[in-house]
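Biologist: I am new to this model, and I would like to know how each label in it is earned. Could we take the terms one at a time?

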Amino acid sequence: MLALTWGITLQWLAANKAMAVDTARMQQNNLSVIVSENLEQLLDGARTIAFTSKEWREGSPAEVTSRLTAMRAANPAFLRISLYDVEATRVYSSSPVPDDPFLVAAVSDALQAVSDVDFKGLIWPAMSALPEDAWHMPLLFPVGKPGSTPVGMLMVMFDLGYLLKVYQRIEFGTSGIIHILTGDAQEVLEWRPEGLVFNSRKRYFVTFAGQSAATGSLMTDLFQDGRVYLSSFNRAERYSFLLVVSRSMQDILAPHLKARSHSLSTLGILTIIIIAGAYFIASGLGRHGKLFGALVVSNDKNRSLITRLEDEKGRAFLLAAHDHLTGLPNRRTFTELAMSHLATARQHRGHYVLMYLDLDRFKLVNDTLGHHVGDILLQTVAIRLRASLRDSDIVARLGGDEFAILLTGLASVDDLPMIADKIISQVSQPFKTQDGQEIHVSPSIGIAVFPRDGQDFDSLCKNADAAMYESKRKGRSTYTYYDTGLNSTSERRFNLEQRLPKAIAEDELVLHFQPKVNLSDFRIVGFEALVRWQHPELGLVYPDDFIPLAEETGLIVELGEWVARSCCRQQAAWQAEGLDCVALAINMSPLQLQREELPSRIESLLTEHDVPADVIEIEITETVLLKSLEATVMVLRRLEALGVQISLDDFGSGFSSLSYVRTLPIHIIKIDKQFIRDIRNSTHDGVLVASIISLAHNLGMQVIAEGVETLEQLIYLKTAGCDQAQGYYFSRPVPAASARDLLRNGVLAPS
Ligand code: C2E
Ligand code: MG
Ligand code: MG
């Protein structure tokens, strides 16, 4: 479009230029014709006068003179006329003033040069000087019969001002020039806007001399002034002169050049605008293209992001809904699922049963073997539970070692014992760690049947939980149906927890003492101090019911202090009675042993009651060795340094090995009662106990068996070389007064 516009514009400019030149040429041609015609008319007038003058010789001079005077007066362009005879003597003049001598000389020259009269042969006198006035132009006409020798010469003085007046209105530009040339192209008159130059006889016009045409135009460097002129000429028909109208091309083309520069600059600006616009549009389009590309890419990215987000959402939902460790539904999901089942349960024939399941001794596994083993154990339990149940049943992990099961659409509640037994036997299967160590854990199960044991999910949960606690209380690895009395158990726990601080402060606690008997001579060599709570409403409460609460709340430290103080006081009392004192063993909770000040507290209690250190023994469990071992060992060493004996309680229930225990300040190993229980029936346990005894001896430690209930157990232990025994067989834990009696006897021989 732009190229087309440029093409059209340039073409139009070329046409415009040609038109300007043509118009100028036409104008100039017209002007040259008009002016020369006008001039010829004037000359015709002068020639008529010359013609009339010839009668001057023939007619009366006076008459000729008056006619000549009248003819001159009739023509305002003639300033004056003078008639000369062949001797160049003025015979008549319309003016009394004599003609300039150089004019007379010119007349004389003309008379000599002209041989015959030819009116066409108009004489432009070449004068050595200008006439009196630059506006006057003399013209000479021979007088006489045409074709004959002239009889005189008529001088007609033209008023050039007359001509100027006629043409002054012609708009002829600043460079317009009119020239009058002689027949042989000598300049007679140059007529410029700024003035007239007369008789210069310049010969710029040689080119015109060769022109045979009557009229035409030329484009030449006319004045050799570096400018090109367009000159139009017209050759007079009746006289031998040429009229040339010239104008500089610069002048002619000025409007065109102005229009041209205007057009070109406009078009130039337009071009720049269009190109810039096109550039911006193109770059905009480019940017747009890039943006579009980027948009497509980002769209793709977005789409993949959305897909990923959806995947993540799905995963997050799964994670949020499921227990991350076992993959079972978590508490929230279980609640939702169970509630939706229970909502429609009444419409179905089957029974709905909620089971709460807690792993016995799981905390110990976690604490002794590490969380890693604990986690794998939980995963295994989850797999076993799932495998023991139908797909329609829901198994969930509620947290920690607690699981919940919703049996759905059970045909008969009579199946429940079978299901619970199956779960117990499956979960109780030995579990092998990576090191090949076998772990035994068992579940305690509480069962609540819908709607008998609870009309809604919450009450079913509460009751299944209470039943589960009852299982734990009964000795674990068992299941318990909820019965209405059970709820009082959990309420009881709550009340105990609330009242415990007061119980310590107000001395509601009492110590019972269980003797430790030396198996070589059955002498009482010590007592284990076991705390009880003489509850004003509940009666005697056993430590299993409140020691865990005290440990959870941290009150165990205060409680332990109370026990230690009571033991020291008891020893002091027995000493005062003159009894042979034996060691009193105090059970120490891990929390107490973590306290640096324990040895100094014990020491100050001993000092306070003035009892020797060797009458105090400390029982620790393996779990104390798991947390901040270094600090604990430091405390144990300081106790040892005081002279306090240290025994490791419940040995075998955890997972410590004797070789590990050897490195610790431990003097006595107490074999856990679970190994003693089956010592006669299970060869496994028997062998285990025997090997513990012999190993401990090799390591320089004493061994005491706890939970000895039968003579068989006693015999076995004695045979195995066990040092001491403790258990119901000899005596249950008894109040201080009874313990004093036992001590007084000093021997507990088997019956
Ligand atoms: P433990 O230290 O292993 O104490 C032995 C437990 O076994 C005592 O239960 C005792 O009554 C019981 N026992 C003794 N002989 C037999 C037997 O022949 N057969 C059976 N089945 N059991 C027997 P108790 O008194 O209920 O104490 C339970 C646990 O409470 C103790 O286990 C001990 O860990 C903790 N405990 C008791 N008193 C204190 C205390 O003053 N401080 C701390 N921190 N813990 C205590
Ligand atoms: Mg103990
Ligand atoms: Mg024990």
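Modeller: Let us begin with a helix: the buried residues of α11 pack against β11 (351–360), α10 (371–388), β13 (402–410), β16 (442–450) and β17 (479–481), where contact means heavy atoms within 4.5 Å. This is a predicted model, in which local features need pLDDT of at least 70 and side-chain atom pairs count only at pLDDT 80 or more, while totals for chains, interfaces and linings use all residues. Residues are numbered from 1 along each chain as its sequence is written, chains are lettered from A and ligands numbered from 1 in the order in which they are written, and side-chain values use heavy atoms, with hydrogens and water left out.

Biologist: What makes α11 a helix, and how do you know that its span agrees with the expected one?

Modeller: Helices are DSSP runs of H or I with at least four residues, strands are runs of E with at least two, and both are numbered from the N terminus. The expected span is 1.5 Å times one less than the number of residues, so the 13 residues of α11 (residues 416–428) should span 18 Å, and the end C-alpha atoms are indeed 18 Å apart.

Biologist: Which residues of α11 are called buried, and what puts them on the same side?

Modeller: Buried means under 20% relative accessible area, exposed over 50%, and partly exposed in between, with a 1.4 Å probe and protein chains only. In α11 the buried residues are L416, I419, A420, I423, I424 and V427. They cover an arc of only 135 degrees around the axis, which puts them on the same side of α11; the arc is that of the directions from the helix axis to the C-beta atoms.

Biologist: Why is D323 called buried, given its relative accessible area?

Modeller: The relative accessible area of D323 is 11%, so D323 counts as buried. D323 sits in the loop between α7 (249–321) and α8, and, leaving aside neighbours within four places in sequence, D323 is in contact with L328, P329, N330 and R397.

Biologist: What makes E528, N587, E619 and D649 donors of the magnesium ion (ligand 2)?

Modeller: Donors are N, O and S atoms within 2.8 Å of the metal (3.2 Å for Na, K and Ca), and since water is not among the atoms, sites may look incomplete. E528 (OE), N587 (OD1), E619 (OE) and D649 (OD) lie 2.0 to 2.3 Å from the magnesium ion (ligand 2), so they meet that limit. D649 also bridges to the magnesium ion (ligand 3), the two ions lying 3.9 Å apart.

Biologist: Which atoms coordinate the magnesium ion (ligand 3), and is D649 buried or exposed?

Modeller: The magnesium ion (ligand 3) is coordinated by D649 (OD), D650 (OD), E706 (OE) and E706 (OE), at 2.2 to 2.5 Å. With a relative accessible area of 6%, D649 is buried, whereas D650, at 22%, is partly exposed.

Biologist: What is meant by a nonpolar core, and which residues touch the most other members of the largest one?

Modeller: A nonpolar core is a set of buried Ala, Val, Leu, Ile, Met, Phe, Trp, Tyr and Cys residues joined through side-chain atoms within 4.5 Å. The largest holds 82 residues, of which F527, I620, I669 and L717 touch the most other members. Its largest share, 8 residues, comes from helix α15 (residues 556–577). Apart from this core lies another, of 38 residues, among them A46, F141, I180 and L243.
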